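Let's walk through this one together, starting at the ligand and working outwards. Have the viewer open as you read.

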Amino acid sequence: MSAGTARPTAREVRRHKWWGWGQDDVAFRHDNKPAFAPLARDKISLDLATSVPDPDPDLSLLEVPPSGLPEAVREQLASAVGEDNLLLEDEFRVLHSFGRSLPDLVRVRAGGYERLVDAVVYPASEDEIEAVLRIVLDHDLVLIPYGGGSCISGSVTPDPAERRPVITLNMGRLDRVVDIDETAGLARVEAGVYGPDLEEQLQERGWTMGHFPDSFTYSTLGGWAATRSSGMQSDKYGDIEDIVRGLRVVHPRGVISTKAIPGRDSGPSLHELLLGSEGRLGIISECTVQVHRVASVRQVIAYMYPDWEHGIRGMHAIARSEVSPTFTRLSDGPETEFSLAMVKEPTSTKGKVAAKVQDTLFAYLRSKGWQTQGEMCISYVCFEGTKEHVEREKSIVKKIVSRNGGITLGSGPGAIYDQKKFDTPYLRDFLMSHQVFGDVCDTGATWSRINEIHSRVYDAFHAQRREVGKPGFMFCHMSHSYHAGACLYFTFAIPYESEETALEEYYGAKRRVQQAFVDHGSTVSHHHAVGTEHQPWIEEDITSLGADVIRGVFAQNDPGRNLNPGKIV
Ligand code: FAD
């Protein structure tokens with residue numbers, strides 16, 4: 001990883017299990033969470049005592065169409081990156097043909113593949129990327145850049161109607177921090193580095209980039225930049241567009257470089273145009289990113305509010321105050337109920353004492369008229385800096401929370417949240433094995449309309465569930481706070497009837513939620529990219545004329561539609 005260590009080979013690059021999230025030997029389990037099964041029964045009619053999970057999918061039972069890569073092209077690609085870094089095997093082609101959206105997971109498990117990528121190529125330098133792109137253009141092929149394949153927007157999936165051979169360019173061998181300008185706090189980093197490997201290289205020198213999306217373990221710097229990602233600590237460190245100060249992009253006609261300068265007036269922002277371009281304008285080979293010294297103290301404190309309206313008032317007051325927390329997050333009533341159901345049965349004496357304290361606290365809150373199930377809202381605020389700074393900010397926030405009807409719970413629940421934050425993605429695979437879809441939709445909202453959007457989205461979702469006569473559970477949190485507003489992040493779970501109708505059932509609910517976002521003046525997504533999944537709403541979001549401008553840029557730069565065609569517009 002660091003200069004001097006060998007780059008990983010193609011087979012050593014980190015990868016998901018081909019059919020789901022994360023590591024092969026890690027899975028969600030509920031038997032150690034006593035409140036989980038009752039919640040599943042109550043909210044989505046899933047009886048875990050009787051439901052038999054589907055076995056893990058087995059690729060050897062599925063028919064995988066052969067690669068259509070012409071031999072002459074294969075030879076040229078192998079000579080560009082080395083035989084060992086060109087993979088055509090079924091498992092690699094299947095894995096790279098799908099991201100991690102719900103429809104992708106349904107399709108990858110079902111088999112009967114309409115279109116798979118024909119080859120996966122792993123370059124180890126910008127020169128090799130250029131060589132691969134030259135071959136792609138000379139033979140009129142399609143090239144899809146690939147970071148961790150964690151997108152939930154359909155952005156790495158080839159168009160089923162594509163007739164030309166499709167090459168996936170896996171960036172995972174480009175995994176190094178090249179250098180750090182310690183005076184400016186700017187690091188030059190290769191774009192294929194995964195979150196944990198990036199932070200390890202930075203933190204061993206005392207720096208952090210501070211970008212921690214929930215998909216951190218299986219997503220890359222280039223993927224974050226190409227999708228305008230947002231990490232949970234964006235309140236302090238910014239969204240990826242604030243973090244990435246300069247870019248190198250391999251374009252069909254050469255290399256574009258944007259200078260890593262703190263401010264610029266070079267006309268319309270080319271840099272911004274490249275961010276979020278999902279591989280349609282070229283391949284991001286390197287990013288220069290803003291880095292920060294690792295804080296000496298970090299604490300996550302939990303708070304509780306009686307309901308959503310009080311919580312939002314508190315969150316807004318924190319955003320307007322002089323404090324600068326690392327993150328602020330408010331779960332609504334249903335999400336708080338869900339979080340409590342994810343708590344493990346205490347086994348240690350300390351855990352048992354904590355559970356007793358919680359019971360006593362909840363009894364007290366009920367005596368004060370709080371509704372402790374489905375209404376009260378848990379909130380987390382993270383503070384970083386020197387001890388004095390953290391203590392001062394905690395004390396200001398404590399007063400703000402109290403003025404807005406909330407109470408401070410302390411650092412215990414906050415630490416548990418901080419340790420478990422990357423585990424939840426495994427839940428989706430568990431639910432799918434019990435014929436339940438769990439998925440997310442996110443949007444940005446101004447403080448003036450945040451409550452309205454929150455309620456309208458619930459209305460839309462529950463109206464759809466009533467129409468189809470099926471249960472559904474939705475919950476939401478507010479995160480990524482800004483001066484003008486914040487992100488609302490909805491999660492929903494719906495049982496589905498059969499494999500044949502699964503996608504139709506899923507889109508019935510998902511489309512209603514997305515439509516509610518744009519109908520109520522919000523964005524199609526706050527940080528989950530456009531790809532193909534959010535494309536139906538892009539014109540409502542940025543106007544038809546705006547979408548036409550973007551189309552024109554893509555057509556002018558990639559007239560042969562060789563670069564990830566069909567994504568965004
Ligand atoms: P990929 O999925 O491989 O690619 C995404 C797009 O970027 C594709 O169009 C691809 O062609 C393009 N691309 C990738 N690398 C490059 C490159 N080097 N040059 C040019 N184009 C490139 N997103 C968030 O922002 N915040 C979250 O908290 C978050 N949580 C998630 C949790 C889960 C469980 C899942 C499944 C997804 C989550 N996502 C989140 C979405 C996803 O992780 C992000 O979109 C992420 O930025 C994708 O990065 P990646 O490296 O996996 O890119």
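Which backbone contact does Glu278 make with the ligand? A backbone N or O atom of Glu278 lies 3.1 Å from an oxygen atom of the ligand, which fits the rule for a polar contact (a pair of N or O atoms within 3.5 Å; within protein, one must be able to donate a hydrogen and the other to accept it, and residues adjacent in sequence count only if both atoms are side-chain atoms). Taken alone, the ligand exposes 960 Å², and the protein buries 97% of that, with areas from the Shrake-Rupley method and a 1.4 Å probe, where for residues only the protein chains shown count as cover.

Before going on, a word on the model: it is predicted, so local features need pLDDT of at least 70 and side-chain atom pairs pLDDT 80 or more, while totals for chains, interfaces and linings use all residues. Residues are numbered from 1 along each chain as its sequence is written, and side-chain values use heavy atoms, leaving out hydrogens and water.

Two serines join in as well. A polar side-chain atom of Ser229 sits 2.8 Å from an oxygen atom of the ligand, and a backbone N or O atom of Ser230 is 2.8 Å from a nitrogen atom of the ligand.

Now the whole shell: 36 residues surround the ligand, and the closest are Pro145, Gly147, Ser150, Ser215 and Thr220. To count, a residue needs a heavy atom within 4 Å. The largest share, five residues, comes from H7; helices here are DSSP runs (H or I) of at least four residues and strands (E) of at least two, numbered from the N terminus. Domain 1 (10-19 + 56-170) and domain 2 (177-293) both give residues to the shell, so the ligand lies between them; these bounds come from an automatic or database domain assignment. The assignment also gives domain 3 (297-420) and domain 4 (534-569), whose C-alpha centres lie 42 Å apart.

Next, look at an open sheet of four strands, ordered S1-S2-S4-S3 with mixed pairing. Strand S1 (86-87) and S3 stand at the edges with a single partner strand each, so one side of each has no neighbour in the sheet. Strands pair if DSSP finds at least two bridges between them; S3 and S4 (residues 166-170) have five, in the parallel sense. Leu143 stands opposite Ile167 in S4.
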